[in-house]
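Work through the following exercises with the structure open beside you, and try each task before you read its solution.

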Amino acid sequence: MPNRFSRREFAKLAGSAALVPAIVPALVSAETSPNLHPNAPAPRHFPTGFLWGSATASYQVEGAVKEDGRGPSIWDTFSHTPGKTNNGDTGDVADDHYHRYKEDVQIMKALGLKTYRFSIAWPRIFPQGTGTPNPKGLDFYSRLVDELLANGIQPYCTLFHWDLPQALEDKGGWQSRDTSEAFANYAGYVAQHLSDRVKHFMTLNEMRSFVDIGYRDGRHAPGLTLSPAKVNQVRHHAVLAHGLGVQAIRAHAKAGTKVGLAENAETCVPVIETPEHIAAAAKAYRETNAGYLTAIMEGRYTDAYLAHAGADAPKFTPEEMTAIGSPIDFVGLNIYAPHYVRADDSAAGFASVPMPSSFPHMMSSWLNTGPEALYWGPKLASQLWGIGELYITENGASAADTLTPDGQIYDIDRVMYLRNYLTQLHRAVSEGVPVRGYFCWSLMDNYEWADGYSYRFGIHYVDFKTQKRTPKLSAHFYREVISRNGLA
Ligand code: GBH
């Protein structure tokens, strides 16, 4: 056999059902430890006890939207409105996780996951957003938590991943301060009932996404395109919900419960690693996140944020800002695409560098592949605010996965993405940046919001006709990373 194949020969071999299955076991279980990073000079291990996890969100995986007393959410309404989502896809069935959660915990166990991040559907707990809780809704999450713990997997629970009860939207949704209060009520209730077993709660997932895309751009539920002044007020109500939620969780949870959030802070990356560009990236990190993470970490809006908003600035009280700045135990960062920044002579001291059209990206056109985002994101956040406990609450990629005739999915692009990003995360951790865990988005293909089911982010392939889950090559890769606790 020649040791190099022509393209035609390779294509022939790759299509051969007989040969390909032999390749997979060789990749994942060689007796001599294959180096999972081609250029690694030395073993790249993570600290003992590093929490390897994976993440999902309620509306993206559960289905069962009308079961056990769940009320409608804004995503039911939005996805059922013609023209709003790719192919008109909805989360009505999604991964049917509501019925298959035991099977899904088994795929987590097979991966060796230490932890799993899931979200609770608010309209399952309070179908009308407020008022009388629905015990059957809470019971589902209670059973899920039991199943995770029985399999040695720590639950990390997000309280809001965008599925706002429609009843609250009908009363103004996040435009109304009452929604922030309602969230705190709901958060306290869940913490009271689950904190005997769940030790980590995250208030909101990606305020930046649901505010900007849902209320400004109109491409996500509830599909509004509000004026800047109204968007700023919505944004204020989101950070206020977080702050009031933190207080409610502290008031109702068992002692020792940790509270944080999962935010997609703009990940500012120095365009090249020189002191002046690094300083510019730190300034940019603080200012580009001024309406969200910065407000939460500092308990105030920056002067530049308020000056820029001018007459459109949000209305707020000092008490609200104190609530928003309530101390938290950890920060979760969802990190995907980098935002390159350079030093600049302007008053701000930084400028954004536009993405060249040739910049590599994954299947989602916004998913520019900049692995060093996973170095600079946690590093700049921890330096700016002295955070003692950080998690990467999401990182992952969409890819054009194809099921080959041998039943495998060779998503080598996602493997490359994960390997490169994890290498940069390792760099941060090696320098002492206090990242305690990493959650791969996502455990399995699921409902990618307005992009529907054609954008696959899973490390398990889901056949949405049969609900069969198949580990992709990236799942085999991730299992190896977990079992070695590192990249080599
Ligand atoms: C996360 O968002 C979400 O938390 C998760 O639910 C989602 O499935 C996952 O990532 C993958 O997308 O429409 O061109 O304006 C990631 C951050 C920010 C990515 C908003 C999509 C919209 C791009 N998201 N962005 S565009």
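The exercises below concern a predicted model, and each task is followed by a worked solution.

**Exercise 1. A salt bridge between a helix and a strand**

Find the residue with which Asp 104 forms a salt bridge, and decide which parts of the chain the pair ties together.

*Solution.* Begin with the general idea that side chains of opposite charge can pair when their charged atoms come close. The side chain of Asp 104 meets that of Arg 469, with a distance of 2.8 Å from N to O, which is within the 4 Å that a salt bridge requires. Next, place both residues: Asp 104 belongs to helix α5 (residues 97-111) and Arg 469 to strand β13 (residues 468-471), so the salt bridge ties together parts that are 365 residues apart in sequence. Finally, look at how accessible the partners are, remembering that buried means under 20% relative accessible area. Asp 104 is buried because its relative accessibility is 0%, and Arg 469, at 9%, counts as buried too.

**Exercise 2. Two further salt bridges**

Describe the salt bridge between Glu 389 and Lys 258, and then state whether Arg 300 and Asp 303 are buried, partly exposed or exposed.

*Solution.* First, the side chains of Glu 389 and Lys 258 come to 2.7 Å, N to O. Glu 389 sits in the loop between α16 (373-385) and β10 (390-395), while Lys 258 is in strand β5 (residues 258-263), so this pair ties together parts that are 131 residues apart in sequence. Glu 389 counts as buried at 11% relative accessibility, whereas Lys 258, with a relative accessible area of 30%, is partly exposed.

Second, the closest N and O atoms of Arg 300 and Asp 303 are 2.8 Å apart, and these residues form a salt bridge. Arg 300 is partly exposed, since its relative accessible area is 34%, and Asp 303 is exposed, at 58% relative accessibility.

To put these pairs in context, the search of the whole structure finds 31 salt bridges. Some residues are joined in a network of salt bridges, namely Asp 401, Asp 411, Arg 414, Asp 445, Arg 456 and Lys 472.

**Exercise 3. The surroundings of strand β3**

Determine which strands pair with β3, and explain why β3 is described as largely enclosed.

*Solution.* Start with strand β2 (residues 115-119), which pairs with β3 in the parallel sense over five bridges; here Phe 118 stands opposite Cys 157 of β3. Then turn to strand β4 (residues 200-205), which runs parallel to β3 and is joined to it by four bridges, with Tyr 156 opposite His 200 in β4. As a last step, count the buried residues: six of the seven residues of β3 (residues 154-160) are buried, so the strand is largely enclosed by the rest of the structure.

**Exercise 4. Aromatic pairs**

Classify the aromatic pair of Phe 160 and Trp 174 and that of Tyr 453 and Phe 464 by the angle between their planes.

*Solution.* The search of the whole structure finds 44 aromatic pairs. In the pair of Phe 160 and Trp 174, the centres are 5.5 Å apart and the planes make an angle of 65°, which is edge-to-face, because planes over 60 degrees apart are classified in that way. Phe 160 lies in strand β3 and Trp 174 in the loop between α8 (166-169) and α9 (177-194), so the pair ties together parts that are 14 residues apart in sequence. Both Phe 160 and Trp 174 are buried.

The pair of Tyr 453 and Phe 464 is tilted, with 4.6 Å from centre to centre and 55° between the planes. Tyr 453 is buried, with a relative accessible area of 15%, but Phe 464 is partly exposed, with 24%. Tyr 453 and Phe 464 also belong to one aromatic cluster, whose members include Tyr 59, Trp 75 and Trp 449.

**Exercise 5. The ligand**

How many residues surround the ligand, and how much of its area does the protein bury?

*Solution.* There are 17 residues around the ligand, and the closest are Gln 60, His 161, Arg 219, Glu 448 and Trp 449. Now consider contacts with oxygen atoms of the ligand: an N or O atom in the side chain of Gln 60 is 2.7 Å from one, a polar side-chain atom of Asn 205 lies 3.1 Å from one, and for Glu 448 the corresponding distance is 2.5 Å. Taken alone, the ligand exposes 580 Å², of which the protein buries 79%.

Note on methods:
Residues numbered from 1 in each chain as written. Predicted model: local features only at pLDDT ≥ 70, side-chain atom pairs only at ≥ 80, totals over all residues. Heavy atoms only, no water. Helix = DSSP H or I, 4+ residues; strand = E, 2+ residues; numbered from the N terminus. Buried < 20%, exposed > 50% of the residue type's maximum accessible area, 1.4 Å probe, protein only. Pairing = 2+ DSSP bridges. Near = heavy atom within 4 Å. Polar contact = N/O pair within 3.5 Å; in protein donor to acceptor, adjacent residues only side chain to side chain. Areas by Shrake-Rupley, 256 points an atom, 1.4 Å probe, with all protein chains shown as cover. Phe/Tyr/Trp six-rings, centres within 6.5 Å; stacked < 30°, edge-to-face > 60°.
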